[in-house]
Amino acid sequence: MIESTQLDPNFKDEIANEPGGEHILSCFTCGTCTASCPVRVVTDRYSPRKIIRMALLGLKEEVLSSDFIWLCSACYSCHERCPQDVRITELINAIKNIAVREGHVPPAFRVQVDLLRDHGRLIEIGDYDNERRAELGLPAIHEQPAEVAEILKVSGTIALGAAAPAPAEDDAK
Amino acid sequence: MRYALYLGCTVPIRNMNYELSARKVAERLGIELVDSDQFGCCGYPMKGVNHRTALLMAARNLVVAQEMGLDIFTLCTACTGTLTEASVVLNEDEALRQEVNEELEKATGKRYNGQVKVHHIARVLYEDVGLAALRDQIKVSLNGFRFGAHYGCHYLKPSEVFEGFDDPEAPHTLDELIEVTGAEAVQYNTKLLCCGGGVLAVDEEVALAMPQAKLQELAQAGIDALVLACPFCDIMYEYNQRRVMRNVDPRFQLPVLFYSQVLGLAMGMSAEELGFSLNRVKSKGLATKLAALEAAKP
Ligand code: SF4
Ligand code: SF4
């Protein structure tokens, strides 16, 4: 039983104003997305149609704090087939972006923010990696974290990191 | 043909066989790949966290290519999707480009001019080199080999950013690229299934359940290898193959090859120079065929 106090009628508009979420109101709940979804095949916990229904109903907290919004594999199967051009893959991303702003960030992404800030890439490059590359005749790769860290700063993402920033040269303790 | 080589985060560390074979094949075909030290992560991992962060990271890479005066050549399909989408929206939407440029300039001191295009290796081979020119380069027919093509989702989708390249519901370009080598591209039911790589960081159990159906079907079809062109798909089908198939068949083995390795073989290069020793899943069947291929060379 859903109590009306739990419902936020503005949630769908909030999503519609988020980049990627613009077409949410066109959904007529046909279920083509869920029928096309490869994640749905392996788990009942996930259904794109259900997420959209819940969002349209205004179940804001329940959607934003859920684990299931993070289970989309971004394969775009639903996106290609939706008769209403709802752009579900981007819509799920829009919902995730709102969830993050409300403080719901899966730990894996906090770690990724730190990796990007410190290395400019998701996989750190060690001396060993460049030695292996040299043995195969491949050029060395050098990390370029400075501009990526600035982008994380300018777009407000850097604060989501899991750990404190790497100590600056002057004083670290 | 000259491109800026964009390796991404994963390929240069985990899939040196892909990089090695791609570079060799490109060189032989007269495609000049120019390296740059300035590229970083494409931005894909940040899409769910902050859409603007991801777009800025993608734009920064487009600026690196802009400064080189070249279009981008990619190996990873996730990078391909992210960079292609960024280039299409930023190249077409001047207002958005202005807005993004304000922030990009604040962060990096540079602006994107809206000129760079992004091409995945298989798309370059199919569109820019072309099947006819590839056919002329085949020295050793792979007749007798049977491969299953796996199309990475972001190689073709979302289709509106790929300007009508291939068909997301009935993809054929990778199959044709396989057949040009003389090998058979086996048709199968689970061809369109996603590898699950997009969920791996969040929920391993769900992610590892996703590659199973395809691996099983292809093994039953008796193919020599699954052929793909993306490091993420490789993580799911090859690197995690044992964990994926643990409960079905602990001895399950289905080799996985990168398309550039297959093409290299047909162009007369040896398995060794194409980095086959770095492919993790070995099978007797494939090893025997590769040895026979080598022995039959003049
Ligand atoms: S396919 Fe489109 S219209 Fe149908 S339920 Fe899914 S989002 Fe709604
Ligand atoms: S993009 Fe996400 S919701 Fe859509 S079919 Fe793929 S996994 Fe399912």
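## A guided tour of chains A and B

Start at B:Pro158, in the loop of chain B that runs between α8 (153–156) and α9 (173–179). Select B:Lys157 along with B:Pro158: the peptide bond that joins them is cis, with omega at about 0 degrees. Keep in mind as you look around that this is a predicted model.

Stay in this loop for one more stop. B:Glu163 also sits between α8 and α9 of chain B. What is the sign of its phi? Phi of B:Glu163 is positive, near 50 degrees, and this residue is not a glycine. Switch on the surface and you will find B:Glu163 exposed, because its relative accessibility is 54%, and the cut-off for exposed is over 50%.

**Zoom out to chain B**

Now show the whole of chain B as a cartoon. How many helices and strands does chain B have? Its secondary structure comes to 15 helices and eight strands. Chain B has a radius of gyration of 19 Å, close to the 19 Å that the globule rule gives for 298 residues, so chain B is as compact as a globular protein of that length. Turn the C-alpha trace around and you can follow its span of about 60 × 45 × 30 Å along the principal axes.

Next, think about what lies inside. Of the 298 residues in chain B, 63% count as buried. Take the contacts between residues at least 6 apart in sequence: 76% of them join residues at least 24 apart. On the outside, chain B exposes about 11,100 Å², and carbon and sulfur atoms supply 47% of that area. If you colour by charge, look for 29 positive and 38 negative charges in chain B, whose mean positions are 6 Å apart.

**A covered helix**

Select residues 259–266 of chain B, which form helix α14. Are the residues of this helix buried or exposed? Eight of its eight residues are buried, among them B:Tyr259, B:Gln261 and B:Leu263. Step on to B:Gly268, which follows α14(B) and has a positive phi near 95 degrees.

**Where the chains meet**

Give chains A and B two colours. The contact takes 57 residues from chain B and 52 residues from chain A. Together the chains bury about 4,800 Å² between them, with 62% of it on carbon and sulfur atoms. Which three residues supply more than any others of the area that chain B buries against chain A? Select B:Ile13, B:Met16 and B:Val49: they supply 13% of that area.

Now pick B:Met46, in the loop between β2 (32–34) and α3 (51–68) of chain B. B:Met46 counts as buried because its relative accessibility is 0%. Leaving aside neighbours within four places in sequence, the contacts of B:Met46 include A:Phe109, A:Val113 and A:Leu116 from chain A, as well as B:His51, B:Ala54 and B:Met57 from chain B. Try the distance tool on B:Met46 and B:Met57: they are eleven residues apart in sequence, and their C-alpha atoms are 8.9 Å apart in space.

**Last stop, in chain A**

Finish with A:Tyr76, in the loop between α5 (60–64) and α6 (77–81) of chain A. A:Tyr76 has a positive phi of about 70 degrees, although it is not a glycine. Is A:Tyr76 buried or exposed? A:Tyr76 is buried, because its relative accessible area is 3%, and buried means under 20%.

Technical notes. Residues numbered from 1 in each chain as written. Chains lettered and ligands numbered in written order. Predicted model: local features only at pLDDT ≥ 70, side-chain atom pairs only at ≥ 80, totals over all residues. Heavy atoms only, no water. Helix = DSSP H or I, 4+ residues; strand = E, 2+ residues; numbered from the N terminus. Rg over C-alpha atoms; globule rule 2.2 N^0.38 Å. Buried < 20%, exposed > 50% of the residue type's maximum accessible area, 1.4 Å probe, protein only. Contact = heavy atoms within 4.5 Å. Areas by Shrake-Rupley, 256 points an atom, 1.4 Å probe, with all protein chains shown as cover. Lys, Arg positive; Asp, Glu negative; His and termini not counted. Charge placed at Lys NZ, Arg CZ, Asp CG, Glu CD. Buried area = accessible area lost by both parts, 1.4 Å probe.
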